[in-house]
Amino acid sequence: MTRRARRALVRAPSPRLADGLVTHIARSDSVDPDRALAQWRDYCSALSAAGFELVEVDPAPEHPDSVFIEDALVVVGDLAVVTAPGAPERRDEVIGARAAARALGLEVVELAAQDGSAKGEPARDEPARDEPAGGEPGEPVHLDGGDVLKVGSAVYVGVGGRTTQAGVQALARAVAGTDHTVEPVPISSTLHLKSQVTALPDGTVVGFPDLVDQVSAWPRFLAVPEPEGAHVVVLADDTVLMSDAAPRSADLFRSRGLSVIEVDVSEFVKLEGCVTCLSVRQHPFD
Ligand SMILES: CN(C)C(=N)NCCC[C@H](N)C(=O)O
């Protein structure tokens, strides 16, 4: 089995970060673009120190939320799915992400082209699996990468915020040729699925219960004591990266034998972001 490269795509924050979208939180009047740039550089250094090859997507200073590159591209194995962001203001952020994925020689597919109409039903040599129920007829295909949580071969997709049922079905079509299965997870409490849950290297799903729409949906769930403790980036099978604003959660992970790298992402949290939003990672642990 060829070992996949450990790459992380990142994109420098826009000087207009403070104008980014906020949905479930109040807009902050203290976003500091210079501090955000310093925090972004520290985040990139942590990924690089963990062995990731950093690939910089061209900055898009005209797009305030462009640093949240996770929403523009979903990597599943060697497939790079260009998303169809749910917020109109963010749609053009995919242009630079698409170009970077192509330059890496990844197999690039367009989510928006997976709506099933152009190609009719995908050719199958077995009855169609119980694909996620399709959206309402004519429902637009939208999906943000922040709604996509990969746990082993399962790809959980948050529906109800930026991502539509039609977007989930389109992703299921896009990854039909891989060994991944796509499962919709209704959300309403948070902006994205990964605003409320992420997964530890062993597949345990972590979340701050007050913000998790359906704790029972997660067979292996670990409650964390702080909201930002729900956001981890897997750096290795024994190491995670997370915000430095959740020290009790970090200690909980350490008590489970994990090494924990803590970074300051305060300026991005003010725009409803978190540590997963700032990179698209391609590595064996995804
Ligand atoms: C996991 N999360 C939260 C993300 N991948 N994206 C954060 C996007 C925040 C941006 N201001 C917006 O509202 O789109």
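Here are four short exercises, with worked solutions, on a predicted model.

**Exercise 1. The largest cavity**

Find out which residues line the largest cavity and how the lining divides by class.

*Solution.* Start with the search of the whole structure, which finds three cavities of 30 Å³ or more. Next, take the largest cavity, whose volume is about 90 Å³. Its lining consists of Leu21, Asp65, Phe68, Asp71, Arg90, Arg162, Leu191, His192, Leu271, Glu272, Gly273 and Cys277. Finally, sort these residues by class: five are nonpolar, two are polar and five are charged.

**Exercise 2. The nonpolar cores**

Work out which residues touch the most other members of the largest nonpolar core, and which elements supply it.

*Solution.* The largest nonpolar core has 25 residues, and those touching the most other members are Leu17, Tyr43, Leu47, Phe68, Leu241 and Phe268. Now turn to the elements: β1 (7-10), α1 (33-49) and β12 (233-236) each supply at least two residues of this core. Of the contributors, α1 gives the most, with six residues. To see one member close up, select Leu241: leaving out residues up to four places away in sequence, Leu241 touches Tyr43, Ala46, His231, Val232, Val233, Leu235, Ile261, Val263 and Val275. To finish, locate the second core, which is separate, has 21 residues and includes Leu79, Val109, Ala172 and Val182.

**Exercise 3. Helix α2 and glutamine 114**

Identify the buried residues of α2 and what they pack against, then decide whether Gln114 is buried or exposed.

*Solution.* Helix α2 covers residues 94-103, and its buried residues are Val94, Gly96, Ala97, Arg98, Ala100 and Ala101. These buried residues pack against β1, β3 (73-76), β4 (79-82) and β5 (107-110). After α2 comes Gly105, which has a positive phi, near 80°. Moving on, Gln114 sits in the loop between β5 and β6 (148-151). Gln114 counts as buried because its relative accessibility is 10%, and the cut-off for buried is under 20%. A polar atom of the Gln114 side chain lies 3.5 Å from the backbone oxygen of Glu110.

**Exercise 4. The second largest pocket**

Determine how much space lies in the second largest pocket and which lining residues lie nearest its centre.

*Solution.* The space in this pocket comes to about 280 Å³. Its lining has 14 residues, and Ile25, Ser195, Leu211, His231 and Glu272 lie nearest the centre. By class, the lining has six nonpolar, six polar and two charged residues. As a last step, look back at two of these names: Glu272 also lines the largest cavity, and His231 is touched by Leu241.

Notes
Residues are numbered from 1 along each chain as its sequence is written. This is a predicted model: local features need pLDDT of at least 70, side-chain atom pairs count only at pLDDT 80 or more; totals for chains, interfaces and linings use all residues. Side-chain values use heavy atoms; hydrogens and water are left out. On a 1 Å grid over the protein atoms alone, a cavity is a set of points where a 1.4 Å probe fits but cannot get out, and a pocket is an open set with protein on both sides within 12 Å along at least five of seven lines; lining residues have an atom within 4 Å of a point. Grid points are joined across faces, edges and corners, and a volume is the space filled by probe spheres set on the points. Ala, Val, Leu, Ile, Met, Phe, Trp, Tyr, Cys and Pro count as nonpolar, Asp, Glu, Lys and Arg as charged, and the others, Gly among them, as polar. A nonpolar core is a set of buried Ala, Val, Leu, Ile, Met, Phe, Trp, Tyr and Cys residues joined through side-chain atoms within 4.5 Å. Buried means under 20% relative accessible area, exposed over 50%, partly exposed in between (1.4 Å probe, protein chains only). Helices (H or I, at least four residues) and strands (E, at least two) are DSSP runs, numbered from the N terminus. Contact means heavy atoms within 4.5 Å. A polar contact is a pair of N or O atoms within 3.5 Å; within protein, one must be able to donate a hydrogen and the other to accept it, and residues adjacent in sequence count only if both atoms are side-chain atoms.
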